[in-house]
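User: I would like a close look at one residue of this chain and then at the parts of the model around it in the description, with the reasoning set out step by step.
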Amino acid sequence: MSTSNLARLSAVEQARLVRTREVSPSELLDVHLEVITRVNPKLNAIVTLVADQARETALKIEQRLAKGEKVGPLAGLPIVIKDVTLTKGIKTTYGSPNYKDFVPDQDAEVVARLRRYQCKDVQIQELRRGLRQLRRGTQLIQHPRERRF
């Protein structure tokens, strides 16, 4: 399978490929990071990218798979957490300059559950300020369906 198509597969299919070791968590992460690198300058949607943390998690999952250990149903999947959700140890700005340096000391329950299922935090997305408009400071964040990439 071509890596360019990998990022477009469903989460269920990506997770299956990781569990069956057809794709390593690191390979899947690399594909998603490449998409972020290529598309984010146009979308302006990523506030905090935690690629190093995601890489550490990917390697841990690879080690567990190599040992034949069972992994969680979402193990190895890169995820997006909106910037309005508490993420322990990761900057959470709520899309506001007032919180530009805020780093929570706990996870929101949804984040804690995702971590238990061994997802990789790859990116933290910006606060939604309306159905079709996202902003970081004063810069408009583009919706991917409104542009061709």
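Is Ile81 buried or exposed, and what is its relative accessible area?

Analyst: Ile81 is buried, because its relative accessible area is 5% and the cut-off for that term is under 20%. This residue belongs to strand 2, which runs over residues 78-82. From its C-alpha atom to that of Thr92, which lies 11 residues away along the chain, the separation is 9.8 Å.

Before going further, a word on confidence is needed, since the model is predicted. The average pLDDT of the chain is 79, and 76% of the residues reach a score of at least 70. Residues 120-138, however, have a pLDDT below 50, although this stretch makes 84 contacts in the model beyond near neighbours in sequence. Where pLDDT is low, the predicted coordinates should not be read in detail, and that caution applies to those contacts, given that the pLDDT there is below 50.

Past strand 2, the loop that leads to helix 5 (109-116) holds Thr93. Like Ile81, which is buried at 5%, Thr93 counts as buried, with a relative accessible area of 8%. Setting aside residues up to four places away in sequence, Thr93 touches Val47, Asp83, Tyr99 and Lys100. Two of these partners, Tyr99 and Lys100, lead on to aromatic and charged pairs.

The aromatic pairs come next. A pair of aromatic rings is described by the distance of the centres and the angle of the planes. The structure contains three such pairs. In one of them, Tyr94 and Tyr99 are arranged edge-to-face, with 5.0 Å from centre to centre and 75° between the planes. Tyr94 is partly exposed at 24% relative accessibility, and Tyr99, at 39%, is partly exposed as well. Tyr99 also pairs edge-to-face with Phe102, where the centres are 6.1 Å apart and the planes make an angle of 70°. Phe102 has a relative accessible area of 31% and is likewise partly exposed. Together, Tyr94, Tyr99 and Phe102 make up one aromatic cluster.

Lys100, touched by Thr93, takes part in a salt bridge with Asp101, in which the closest N and O atoms are 3.3 Å apart. Asp101 is exposed, because its relative accessibility is 62% and the cut-off for that term is over 50%. Elsewhere, salt bridges with shared partners connect Glu13, Arg16 and Glu22 into one network.

In total, a search of the whole structure finds seven salt bridges. One of them joins the side chains of Arg55 and Asp30, at 2.7 Å from N to O. With Arg55 in helix 4 and Asp30 in helix 3, 25 residues apart, this pair links distant parts of the chain. Both residues are partly exposed, Arg55 at 28% relative accessibility and Asp30 at 39%. Another salt bridge lies inside helix 3, where Glu34 and Arg38 are four residues apart, about one turn of the helix. Their closest N and O atoms are 3.3 Å apart. Glu34, at 42%, is partly exposed, and so is Arg38, at 38%.

Helix 3, which spans residues 25-43, also contains Asn40. The side chain of Asn40 reaches the backbone nitrogen of Ala45 at a distance of 2.9 Å. If its neighbours within four places in sequence are left aside, Asn40 is in contact with Val35, Ala45 and Ile46.

The nonpolar interior can be described last. In soluble globular proteins, nonpolar side chains tend to be buried together. Here the largest nonpolar core has 12 residues, including Leu6, Leu17, Val31, Leu65 and Leu77. Helix 2 (11-19), helix 3 and helix 4 (51-66) are the elements that give two or more residues to this core, and helix 2 makes the largest contribution, three residues. A second core, separate from the other, has six residues, among them Leu29, Leu33, Ile46 and Ala54. Ile46 is also one of the residues in contact with Asn40, so the surroundings of Asn40 include a residue of a nonpolar core, a term that refers to buried residues joined through side-chain atoms within 4.5 Å.

To return to the request, Ile81 is buried at 5% relative accessible area, and its place is in strand 2, the element from which the loop with Thr93 runs to helix 5.

Definitions and conventions. Residues numbered from 1 in each chain as written. Predicted model: local features only at pLDDT ≥ 70, side-chain atom pairs only at ≥ 80, totals over all residues. Heavy atoms only, no water. pLDDT = per-residue confidence, 0-100. Contact = heavy atoms within 4.5 Å. Buried < 20%, exposed > 50% of the residue type's maximum accessible area, 1.4 Å probe, protein only. Polar contact = N/O pair within 3.5 Å; in protein donor to acceptor, adjacent residues only side chain to side chain. Salt bridge = Lys/Arg side-chain N within 4 Å of Asp/Glu carboxyl O. Phe/Tyr/Trp six-rings, centres within 6.5 Å; stacked < 30°, edge-to-face > 60°.
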